[in-house]
Amino acid sequence: MITRADLPFLAEADPAALHISMFMPTHRFGDQSRADQLRWKNLLNALEESLEGRLRPAEIDELLAPARELRDDAWGWQHMSDGVALFMRPGWHASYRVPYSVPEFSTVGDRLVLGPLFRLLTGDEQFLLLAISQRNLRLLEGDRQQVVELELNGVPTALRDVVEAQEPRSDTMARPAADAGTKGGSAVFYGHGAADEHFKKNEVTRFVREAASGLRPLLFERGLPLVLVGPDLLVSEYRGTGDYPHILDDAVIRNPDPLSSGELHRLAWPVIEDRLRAERSRLIEQFRSLHGTGRVSSDRAEIHEAALHGRVETLFVQADPWCWEQAASGPHAIVALGQDDRYAICEQIEAAAVATMGNGGLVHASSAPVDPDSPMSAIFRY
């Protein structure tokens, strides 16, 4: 899964190396997978033709080897998502299954194009889900489409991991239990109910605190909003650790043990969706309230310049359709970056968005533009 943490590497430009970006919508399953494979072949053929005369045949073969490998991977085409993205430069490549449709085109230039992946890179729809019970603790990472369970190393995932088998304690009293046919009996320990309940609560508190401590590096590395799923006692205990500042106020109060990853996603996503809707409304209201102060703009050139200097706090860009898709003149479009006026606006928006994210700003990609007369708008830091 591509995340914002990948941005610095993906956005790095190198005038001395040729960078290729390929995008295409795909189908998750069914008979259309074969058609997708053929469609990719046609896009690849168009890309190869565009490189002839620019690179030697051996250089083309080496650069496009990952794209050809994907072309021939019949099994892979039967296990796609809603879109595919492939990035290539000499000696390196990366491919991603995209959980939403992307436009069909390729770019060639001194940098990669990331625009169709802004929804994933901005982190707006990404979140963490902590399913917590006394028997099983799971941490999952996901987005609008799915959640994937993360591997937990060095983190207690059950109460038994931190609490040893119960031993007789000072608040218990041994009494012989007579057994028919014997002179005596084994000792049975009787405890006081209130003391036992107090002890159990202390055990739960210890488990939750040790789990929170173990989870801390994973959570802070990602910095994503966290949805809690579990019984009320455990959810409250985890909140009480105060160990992670991005825990959402709303939680799913129920036993997560019998729930699959898909079921957990269906329960948690409405919590994230409500948060996204509220946050976007808040930012749009902020944009409107700042009119006339010099801190907002819908002028592309002004926003582009401000983004390059780290002044953009929040950038709104139009999606569905994407700028690249609107500018494309048909299937198998091959864009030579910096050389085609039809895509100049797209490149400008892309540069502003990448610079904004690189400087810690927020990028919101939505089908509803803030200003209907401009494909991007911005709130400035100053």
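This tour goes through a sheet with its helices, then a hairpin, then two buried residues.

The model is predicted: local features need pLDDT of at least 70, side-chain atom pairs count only at pLDDT 80 or more, and totals for chains, interfaces and linings use all residues. Residues are numbered from 1 along each chain as its sequence is written, and side-chain values use heavy atoms, with hydrogens and water left out.

**Stop 1: the four-stranded sheet**

Select β12, β16, β13 and β15. They form an open sheet in that order, with mixed pairing. Helices (H or I, at least four residues) and strands (E, at least two) are DSSP runs numbered from the N terminus. Two strands pair if DSSP finds at least two bridges between them.

Look at the edges. β12 (296-297) and β15 (362-366) each have a single partner strand, so one side of each is left without a neighbour in the sheet.

Now pick β13, residues 312-318. Five bridges join β13 to β15, and the two run parallel. Select L315: its bridge partner in β15 is V363.

Add helix α10, residues 300-308. It packs on the sheet and touches β12, β13 and β16 (376-380). Contact means heavy atoms within 4.5 Å. The direction of α10 makes about 50° with that of β16. Axes are lines fitted to C-alpha atoms, for helices over the stretch in contact; angles run from 0 to 180 degrees between N-to-C directions.

Next, helix α12, residues 344-358. It also packs on the sheet, touching β13, β15 and β16. Its direction makes about 145° with that of β13.

**Stop 2: the hairpin**

Move to β2 (residues 83-89) and β3 (residues 92-98). They pair in the antiparallel sense over seven bridges. R89 has W92 in β3 as its bridge partner. Two residues lie between the strands of this hairpin, and G91 in the turn has a positive phi of about 80°.

**Stop 3: L63**

From G91, go to L63. The two are 28 residues apart in sequence and 7.7 Å apart in space, C-alpha to C-alpha. L63 sits in helix α3, residues 57-63. It is buried (under 20% relative accessible area; exposed is over 50%, partly exposed in between; 1.4 Å probe, protein chains only), at 8%. Not counting residues up to four places away in sequence, L63 touches L18, I20, L55, M88, R89 and P90.

**Stop 4: E104**

Finish in the loop between β3 and β4 (105-109), where E104 lies. E104 is buried, with a relative accessible area of 10%. Show its side chain with that of R39: they make a polar contact at 2.5 Å. Such a contact is a pair of N or O atoms within 3.5 Å; within protein, one must be able to donate a hydrogen and the other to accept it, and residues adjacent in sequence count only if both atoms are side-chain atoms. Leaving aside neighbours within four places in sequence, E104 has contacts that include F23, L43 and H332.
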